[in-house]
Amino acid sequence: LTEHFRESLPLLREMLLSSLLSGGMDAQTAQTNAEKYGISLDASFYMVALMRMGENETQDGIQDDQLRVFAVRNILCEVLEGRAQGYSFLVFLYNGMLGLLLLLRSREEAPLADAMLHLEEARKTIRHYLACPIFMGVSDACDRLAAIPGAGQQALTALDQCILGGKEQVLRITDIQQM
């Protein structure tokens, strides 16, 4: 049983983060389960990013959707892992999209701006290697786990704005609200 549990940890982590984002799990349960699954949800602030891929623009690109998601996830992690200062992140699948939970140490503008720059760099890198449009919506920062479903809705609104406008970018909900 212990071995089976250990082998199931990646899936359990995905389900935890997806449930937290959808509002299907309360913050206390999420925190308790996260500890059991070997991840930390401790942060001063949280941001949610949602990413969707468009269709391949060349025949050379990866045709299998699951393989493309795997490739996007790997590139995203590679780009962010070496640059994340002032924040950490967790990547997971969410309703056919790639979700990213950013765990911020503070709400200072420097780490937020760095995170946005790193997400844009990741988007460009993914675009370069996979030859498909990449759209990303990002929430505002929230200060508690219970607010993550609302942040997810903000990220989805920003993502929808990117897709409807046909503009490949990383769009933060606060950028929309300022228009």
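A disulfide is counted here where two cysteine sulfur atoms lie within 2.5 Å of each other, a cut-off to keep in mind for the cysteine stops on this tour of a predicted model.

Begin with the whole protein in cartoon view, where the secondary structure comes to 6 helices and 5 strands; followed from the N terminus on, the elements run α-α-β-α-β-β-α-β-α-β-α. The radius of gyration is 16 Å, close to the 16 Å that the globule rule gives for 179 residues, so the protein is as compact as a globular protein of that length. Along the principal axes, the C-alpha atoms fill a box of roughly 45 × 40 × 30 Å.

Next, show the contacts: among those between residues at least 6 apart in sequence, 68% join residues at least 24 apart.

Then turn on the surface, which comes to about 9500 Å² of accessible area, with 50% of it belonging to carbon and sulfur atoms. Buried residues make up 48% of the 179 residues. If you colour by charge, the 15 positive and 23 negative charges have mean positions that are 2 Å apart.

Now select Cys142, whose sulfur is 19 Å from the closest cysteine sulfur, in Cys162, and therefore too far for a bond. Cys142 counts as buried because its relative accessibility is 10%.

Move on to Cys77, where the closest cysteine sulfur belongs to Cys132 and is 16 Å away, again too far for a bond; at 18% relative accessibility, Cys77 also counts as buried, the cut-off being under 20%.

How many disulfides does the protein have by this rule? The count comes to 0.

Terms used: Residues numbered from 1 in each chain as written. Predicted model: local features only at pLDDT ≥ 70, side-chain atom pairs only at ≥ 80, totals over all residues. Heavy atoms only, no water. Helix = DSSP H or I, 4+ residues; strand = E, 2+ residues; numbered from the N terminus. Rg over C-alpha atoms; globule rule 2.2 N^0.38 Å. Buried < 20%, exposed > 50% of the residue type's maximum accessible area, 1.4 Å probe, protein only. Contact = heavy atoms within 4.5 Å. Areas by Shrake-Rupley, 256 points an atom, 1.4 Å probe, with all protein chains shown as cover. Lys, Arg positive; Asp, Glu negative; His and termini not counted. Charge placed at Lys NZ, Arg CZ, Asp CG, Glu CD.
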